[in-house]
Amino acid sequence: MGQALIVIDVQNDFCPGGALAVPEGDQIVSGINQLMQDADAVILTQDWHPEGHSSFASSQDRKSPYDLTEMPYGPQVLWPDHCIQGTDGAQFHADLNSDRADLVIRKGYNPAIDSYSAFFENDHTTPTGLEGYLRTRGIDSLMMVGLATDFCVNFSAVDAANLGFKVTVRSDLCKAIDLDGSLAAAHAGMKSAGVVLEQGNG
């Protein structure tokens, strides 16, 4: 059984200068490209929001970015407008070797629901189709890298572990937003789900 490298949301809007920049988000790109060389499969996820997405603070009355609101599917952080379909901000970072990808999973395109995880939308029930793809390719082990550690990487890793995949997160090839202690909470949650947090040699 093979191992897939899952590269989470290495997009312009999550890198320095972007609409929802993760500090030093661009500094992990070369290390990710190196990992791609030895992976049995490479899957990229891409945040892909329509304009006016419900998770944008600008689409909610009297709300500011990073406010917490209640959606039909539960609590939701409201974000600055980011990764809007077809914009430069939604594109992969120019230095990322996106040509190496076997599959690109786009998420967050339903205007009514946000999607952090590569496997499920934020209702935790609507699948993206990634699980089926991995199973049909005989992949049971996943290495995850990308942005941001405490949101999309965290949700993807925990969901994958709960689905029965063996999951390793390369912490040195992820960067975090760290909103009100979210990084420490994410590390604790991933470990309790059975995710291995690993630092590389670089």
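**Holes, helices and cover in a predicted model**

Modeller: This structure holds 1 cavity of 30 Å³ or more. Keep in mind that we're looking at a predicted model.

Biologist: What makes the space in the largest cavity a cavity, and how much space lies in it?

Modeller: About 110 Å³ of space lies there. The name fits because a 1.4 Å probe fits inside but cannot get out.

Biologist: Which residues line the largest cavity?

Modeller: Phe-14, Leu-20, Asp-47, Trp-79, His-82, Asp-114, Tyr-116, Leu-147, Ala-148, Phe-151, Cys-152 and Ile-177. By class, that lining has 9 nonpolar, 1 polar and 2 charged residues.

Biologist: What makes Asp-47 and Asp-114 charged in that lining, and His-82 polar?

Modeller: Asp is on the charged list with Glu, Lys and Arg, while His is on neither the charged nor the nonpolar list, so it counts as polar.

Biologist: And the largest pocket: what is its volume?

Modeller: About 270 Å³. Of the 16 residues lining that pocket, the closest to its centre are Pro-75, Val-77, Tyr-116, Phe-151 and Phe-155. We call it a pocket because its set of points is open, with protein on both sides along at least five of seven lines.

Biologist: Which elements each supply at least two residues of the pocket lining?

Modeller: β4 (74-77), α3 (149-162) and α4 (182-192). The pocket lining splits into 9 nonpolar, 6 polar and 1 charged residues.

Biologist: Zooming out, how many helices and strands does the protein have?

Modeller: There are 4 helices and 8 strands, and along the sequence they run β-α-β-β-β-β-α-β-α-β-α-β.

Biologist: How do you know that the protein is as compact as a globular protein of its length?

Modeller: Set its radius of gyration against the globule rule: the protein has 16 Å, the rule gives 17 Å for 202 residues, and the two are close, so it is as compact as a globular protein of that length. The C-alpha atoms fill a box of roughly 50 × 30 × 30 Å along the principal axes.

Biologist: Which residues of α1 are called buried, and why?

Modeller: In α1 (residues 29-36), they are Val-29, Gly-31, Ile-32, Asn-33 and Met-36. They're called buried because each has under 20% relative accessible area. Buried residues make up 52% of the protein's 202 residues.

Biologist: What covers the buried residues of α1?

Modeller: The cover includes β1 (2-8), β2 (41-47), β6 (139-147) and β7 (166-175). Across the protein, 73% of the contacts with a separation of 6 or more are between residues 24 or more positions apart.

Terms used
Residues numbered from 1 in each chain as written. Predicted model: local features only at pLDDT ≥ 70, side-chain atom pairs only at ≥ 80, totals over all residues. Heavy atoms only, no water. 1 Å grid on protein atoms, 1.4 Å probe; cavity = no way out; pocket = protein on both sides within 12 Å on 5 of 7 lines; lining within 4 Å. Points joined across faces, edges and corners; volume = space filled by probe spheres on them. Rg over C-alpha atoms; globule rule 2.2 N^0.38 Å. Buried < 20%, exposed > 50% of the residue type's maximum accessible area, 1.4 Å probe, protein only. Contact = heavy atoms within 4.5 Å.
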